[in-house]
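Me: I should like to go through the reasoning behind several computed assignments. Please set each value against its criterion before concluding.

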2 protein chains.
Amino acid sequence: MPQRGRPRGFDADEALERALEVFWRQGYEGASMSDLTAAMGINKPSLYAAFGSKEELFRKAVARYAEQDMEYARRAFAQPTAYEVVATLLRENVLAVTRPDRPAGCLSIQGGTACSSDNAAVAGFLATSRLAGELALADRFTRAVAEGDLPADADPAALARFVMSVTEGQAIHAAAGVAREALRQTAEIALAGFAAVSGARSPEQVARSV
Amino acid sequence: MPQRGRPRGFDADEALERALEVFWRQGYEGASMSDLTAAMGINKPSLYAAFGSKEELFRKAVARYAEQDMEYARRAFAQPTAYEVVATLLRENVLAVTRPDRPAGCLSIQGGTACSSDNAAVAGFLATSRLAGELALADRFTRAVAEGDLPADADPAALARFVMSVTEGQAIHAAAGVAREALRQTAEIALAGFAAVSGARSPEQVARSV
DNA sequence: CCTATTCTGTACCGAGCGGTATGCATCTGA
DNA sequence: TCAGATGCATACCGCTCGGTACAGAATAGG
């Protein structure tokens, strides 16, 4: 029995999208309910009926962000070798944090790294999500060791931590207004450094060595 | 004519130190005046008389932080070669963001990367300070090129951006609770990567090549 | 001792916070 | 056509925010 009573007068997906951008630009605590409802084009009771509370709205925004703005991470993990995984991750990250049609930086950092004690859960939630991504990258590197495109003595967790540290630093830079082209240079340095330290070889190097 | 009227009943330096830690742990917007006065052990009128406003208090806290908690950066810049500059910077940064007697992470990030539009100046101020540090590092690398311990074709600005991105990522990790030992591994990877990409040589390499 | 000066504690300010009660509008199903 | 259900808009809730007025307390200089 779907659709009883008066139908809602707004698109919940579009409203969530607007909320996502407000959180991204102003952080969880910096985004007031007035800011949110104004951007979403709805009133507070509609927001609460549709999304539950400010914190639930935020978590849904983060989920949406992970799905659509971090899609490149899944694409990166699907690359055939560790080198290409990292290359894709670093290069796509640069694009993602400097999209002209989106706020600068990355929601999972801009959302809030430090919060009032009342909202400590929010900062913790974001930190946990980021570390989950890092764990997934470490797992991918473990597979790369098994498949031989990383040396047997490579440390997957440490390498993943290095790569994620760089992407986080890049996100901070982007939020500070650093240009895409500048971040691209940094990504190439990090990628070359990763290859040199880990022993991962680029497709070109592999081709040449055959 | 010093000391007219009733003398103040608290140590302004100690009070600023307490405020610094609150801002560090909770961020600018997450730190309420009540949180601050409670930690500082004074009442609001005393705070306003001594520090002006919440924002001025924050800026003074950041200045104090730069002076005492970022002292290692000046020590790093004074190292004789680019390699040692970076080695000191990365290793000391790991210690600084994981001091057991201090909040985790780095005030210039925890203070706030995103703010409500009212407080946009605060996030901008922090971003500017961080980029100023990066510029100083780039200058140090330029000197290193002139002195020959970086190759002539090295890009000082890009290398500085890479190093700062890593330290910022490490600070984010530390704030998320990642252990000092784990960050130390990351720093060594970044250092080795920096050396490999930039052509900077460690003192040991230099000694061996003579 | 008195006055001028400065600091301290209390009590308060208007504004905005996150969240909600209520009454009306709009839909479906019978 | 009307009952039940749902969404919408307004107006409001208690609370906390950053900031301050004011009166009393403590000092120095005279």
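Me: In which helix does Ser165(B) lie?
Reply: The model is a predicted one. Ser165(B) belongs to helix α9 of chain B, which covers residues 156–175.

Me: Why is Ser165(B) called buried?
Reply: A residue counts as buried when its relative accessible area is under 20%. Ser165(B) has a relative accessible area of 0%, and it is therefore buried.

Me: Which residues does Ser165(B) touch, leaving aside those up to four places away in sequence?
Reply: The contacts of Ser165(B) are Ser165(A), Val166(A), Gly169(A), Gln170(A), His173(A) and Thr186(A). Contact here requires heavy atoms within 4.5 Å.

Me: What makes the approach of Asn43(A) to DNA strand D a polar contact?
Reply: The criterion is a pair of N or O atoms within 3.5 Å. An N or O atom in the side chain of Asn43(A) is 2.6 Å from a phosphate oxygen of DNA strand D, so the pair qualifies as a polar contact.

Me: Which atoms of DNA strand D do Arg6(A) and Arg6(B) approach?
Reply: A polar side-chain atom of Arg6(A) lies 3.0 Å from a base nitrogen of the strand. For Arg6(B), a side-chain N or O atom is 3.3 Å from a base nitrogen of DNA strand D. Both pairs count as polar contacts because the cut-off is 3.5 Å.

Me: Which elements give two or more residues to the surface near DNA strand D?
Reply: They are α3 (44–51) of chain A, together with α2 (33–40) and α3 (44–51) of chain B. The most comes from α3(B), with 3 residues. By class, this surface has 8 nonpolar, 8 polar and 6 charged residues.

Me: What share of the atoms of DNA strand D within 4 Å of the protein belongs to sugar or phosphate?
Reply: Sugar or phosphate accounts for 65% of these atoms, and bases for the rest.

Me: How do you know where empty space is left?
Reply: A probe the size of a water molecule is rolled over the atoms, and this shows where empty space remains. A search of the whole structure finds 1 cavity of 30 Å³ or more. The largest cavity has a volume of about 150 Å³.

Me: What lines the largest cavity?
Reply: Its lining has 22 residues, with Glu29(A), Gly112(A), Ala114(A), Gly112(B) and Ala114(B) nearest the centre. At least two lining residues come from each of α1 (12–30) of chain A and α1 (12–30) of chain B. The lining divides into 6 nonpolar, 14 polar and 2 charged residues.

Conventions
Residues are numbered from 1 along each chain as its sequence is written. Chains are lettered from A and ligands numbered from 1 in the order in which they are written. This is a predicted model: local features need pLDDT of at least 70, side-chain atom pairs count only at pLDDT 80 or more; totals for chains, interfaces and linings use all residues. Side-chain values use heavy atoms; hydrogens and water are left out. A residue is near a molecule or strand if one of its heavy atoms lies within 4 Å of it. A polar contact is a pair of N or O atoms within 3.5 Å; within protein, one must be able to donate a hydrogen and the other to accept it, and residues adjacent in sequence count only if both atoms are side-chain atoms. Helices (H or I, at least four residues) and strands (E, at least two) are DSSP runs, numbered from the N terminus. Ala, Val, Leu, Ile, Met, Phe, Trp, Tyr, Cys and Pro count as nonpolar, Asp, Glu, Lys and Arg as charged, and the others, Gly among them, as polar. On a 1 Å grid over the protein atoms alone, a cavity is a set of points where a 1.4 Å probe fits but cannot get out, and a pocket is an open set with protein on both sides within 12 Å along at least five of seven lines; lining residues have an atom within 4 Å of a point. Grid points are joined across faces, edges and corners, and a volume is the space filled by probe spheres set on the points. Buried means under 20% relative accessible area, exposed over 50%, partly exposed in between (1.4 Å probe, protein chains only).
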